[in-house]
Amino acid sequence: QVQLVESGGGLVQAGGSLRLSCVASGIIFSIDEMGWYRQAPGKQRELVAEFISDGRINYADSVKGRFTMSRDNAKNTGNLQMGNLKPEDTADYYCKIRAKTVSWGLLRDYWGQGTQVTVSS
């Protein structure tokens, strides 16, 4: 089965930086999309940033200019560099991919277990 593992979360002061990583493993034929989402207590899960199929990156308005997403296709790895962090960035961050496990299969979404980011003031 496909497995996603996030890392890099932690506690940081406002204005600081963190780098999150997501590594995908298992039987994967292709990854069409990769993205980062976050969910704060009592809030809905929201998109942070994502690669779409044509290679473009979509960023949430709240993180534009502060967060940068990157990927290494050969390693099935994605990263989210977060700078100038604010208390409102505090949330659990999740990696998601849209992928096929076989060439004739359907595209499906796979989620990691999340990594916690806490930004103090």
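**Exercise 1. Charges.** In this predicted model, count the positive and negative side chains and state how far apart the centres of the two sets lie.

*Solution.* Step one is the count: the protein carries 14 positive and 12 negative side chains. Step two takes the centre of each set; the two centres are 1 Å apart.

**Exercise 2. Fold and overall dimensions.** Give the secondary structure content of the protein and judge its compactness against the globule rule.

*Solution.* The protein contains 11 strands and zero helices. Its pattern along the sequence is therefore written β-β-β-β-β-β-β-β-β-β-β. For 121 residues the globule rule gives 14 Å, and the radius of gyration is 14 Å, so the protein is as compact as a globular protein of that length. Along the principal axes, the C-alpha atoms fill a box of roughly 50 × 25 × 25 Å.

**Exercise 3. Burial, surface and contacts.** Describe the protein by its buried share, its exposed area and the sequence range of its contacts.

*Solution.* Start with burial: 40% of the 121 residues count as buried. Next, the surface: about 6,800 Å² is exposed, and 46% of this comes from carbon and sulfur atoms. Last, the contacts: among those with a separation of 6 or more, 57% are between residues 24 or more positions apart.

**Exercise 4. Strand S9.** Determine whether strand S9 (residues 91-100) is enclosed or open, and list strands that pair with it.

*Solution.* Under 20% relative accessible area a residue is buried. Seven of the 10 residues of S9 are buried, so the strand is largely enclosed by the rest of the structure. Now take the pairings in turn.

- Strand S4 (residues 30-39) runs antiparallel to S9 and is joined to it by nine bridges; Glu33 faces Arg98 of S9 across this pairing.
- Strand S10 (residues 108-111) pairs with S9 in the antiparallel sense over four bridges, with Ala99 opposite Arg108.
- Strand S11 (residues 115-120) pairs with S9 over three bridges, again in the antiparallel sense, and Asp92 stands opposite Gln116.

**Exercise 5. Positive phi.** For Asn76 and Asn84, give the phi angle, the location and the exposure class.

*Solution.* Asn76 has phi near 50°, a positive value in a residue other than glycine. Asn76 sits in the loop between strand S7 (67-72) and strand S8 (77-82). Its relative accessibility is 25%, so Asn76 is classed as partly exposed. For Asn84, phi is near 45°, also positive in a residue other than glycine. Asn84 lies in the loop between S8 and S9. With a relative accessible area of 43%, Asn84 is partly exposed.

Notes:
Residues are numbered from 1 along each chain as its sequence is written. This is a predicted model: local features need pLDDT of at least 70, side-chain atom pairs count only at pLDDT 80 or more; totals for chains, interfaces and linings use all residues. Side-chain values use heavy atoms; hydrogens and water are left out. Buried means under 20% relative accessible area, exposed over 50%, partly exposed in between (1.4 Å probe, protein chains only). Helices (H or I, at least four residues) and strands (E, at least two) are DSSP runs, numbered from the N terminus. Two strands pair if DSSP finds at least two bridges between them. The radius of gyration is taken over C-alpha atoms; the globule rule is 2.2 Å times the number of residues to the power 0.38. Contact means heavy atoms within 4.5 Å. Accessible areas come from the Shrake-Rupley method with a 1.4 Å probe; for residues, only the protein chains shown count as cover. Lys and Arg count as positive and Asp and Glu as negative; His and the chain ends are not counted. The place of a charge is taken as NZ of Lys, CZ of Arg, CG of Asp or CD of Glu.
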